[in-house]
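Biologist: Got a minute to go through this model with me? I'd like to start at the surface.

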Amino acid sequence: MEANAFDGMRVVELAQWVFVPVAGALLADWGADVIRIERLEGDPYRGLATQGIGTDRGGVNLSMALANRGKRSMALNLRHESGLAVLHELLSTADVFLTSLRPGALGRLGLDAATLRKRYPTLVYARGHGFGTRGPDANQPGYDSSAFWARGGVGHILTPPDRDYPISQRGAMGDRNGAMALAFGIATALLKRTKTGVGSVVDVSLLATAMWTLSSDLLAALNGGSAEPMGGRGPAVNPLVGNYRTKDGRHIQLMFLQGDRYWPEFCRVVGRDDLIDDPRFNDLAARRANAEACVAELDSIFARHTLDEWKELLAKLDAPWAPMQSVQEVIEDPQIAANGYVGEVSLEDGQTYRLPSVPVQLDEEAAPLRRAPEHGEHTEALLEELGYDWDAISKLMEQGVIP
């Protein structure tokens, strides 16, 4: 069997909801043994009903499946000293401790970074949080809609100025972006450990993730420029960067950042050779000076054909453009199938379901997708691995440490 990047690595995950668990799933995709510690009552995300992909689906909870694929689950009462003792036995075998608990809760449990690094010097201590671990709001709960979308400025910059209320965020946008950064940080810390022999503390916040996502706007704001929402199609500084409506009410996105390079061939493809040398449009400066007229010409051109007709026409053009697609169209896009961007999970009973694959591929292969564990599914097996016999396991049940 071919080796995976994180084979032999053990991750103990004490986290809930989406952000940090997705980071654990990414590590599991590449071979890590990720043991997720759940409360006796389970991760509250298990009970979330949303978009027909959670508990409201009537089948596999796809939200949980995506965030927890490939892991093992142990249900454990950490308020009991015996539960904490079990956790420490796992940590003594772990390479990574991954958590979403806030600093106050970690401190009360004796699981803060300073304590665990002293006890386990080689452990990589990774935490995801809303607003950072310092400052007045370090202990404030933060979900992606609050920390990433609202406070991080993403919702503001994406809401057209003529709306009475900000647009709503799509599910877990900040969470899954933050999870990629957190998994990258963990991989970096593990690589550093091979050189130093010492673990590191890895931090990623949803607030910082929002700022990174909006880097272009932040660069403008930090240097005295404008970083405000744009209404409609935005300013036509370059008319060849923007979207245009087709005859059937769909849209084509042009992204000709090098407009002078693409303009002549574009004009030929769309049957408007007369525009190639038109002094109003024949170079970047002219098109910018006559942006309104150029946009009007392009509006007229794109209104002549349907989206499907434009896709066929523009396929002849070696330039960056794309149809504006719905999510339903995205999953049927032939590029998705060709590159394995959607994977399939097979269950023991023969049932299957599809999930988006991690965007990263190694050797032109996506990571194989495995199912997520049921709540506490591996509790007893993990205790046996730690050396507990059935009498000891039964005692933990009686004490209310495990279900």
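Biologist: Which residues make the nonpolar surface patch of about 210 Å²?

Modeller: Met180, Val360 and Leu362 make that patch. Patch residues have over 30% relative accessible area and no salt bridge (Lys or Arg side-chain nitrogen within 4 Å of an Asp or Glu carboxyl oxygen), with nonpolar side chains joined within 5 Å. Areas are Shrake-Rupley with a 1.4 Å probe.

Biologist: Predicted model, right? What are the ground rules?

Modeller: It's predicted: local features need pLDDT of at least 70, side-chain atom pairs need 80 or more, and totals for chains, interfaces and linings use all residues. Numbering runs from 1 along each chain as its sequence is written, and side-chain values use heavy atoms, without hydrogens and water.

Biologist: Where is valine 360 found?

Modeller: In the loop between β11 (352-356) and β12 (361-362); strands are DSSP E runs of at least two residues, helices H or I runs of at least four, numbered from the N terminus. Valine 360 is partly exposed at 36% relative accessible area (buried is under 20%, exposed over 50%).

Biologist: Switching inside: which residues touch the most other members of the largest nonpolar core?

Modeller: Leu27, Val96, Leu98, Leu182 and Ile186, out of 42 residues. A core joins buried Ala, Val, Leu, Ile, Met, Phe, Trp, Tyr and Cys through side-chain atoms within 4.5 Å. Helix α1 (residues 19-29) gives the most, seven residues.

Biologist: And why is α1 largely enclosed by the rest of the structure?

Modeller: Because eleven of its eleven residues are buried, including Phe19, Pro21 and Asp29.

Terms used:
Buried < 20%, exposed > 50% of the residue type's maximum accessible area, 1.4 Å probe, protein only. Patch = residues over 30% accessible without salt bridge, like charges linked within 9 Å, V, L, I, M, F, W, Y side chains within 5 Å.
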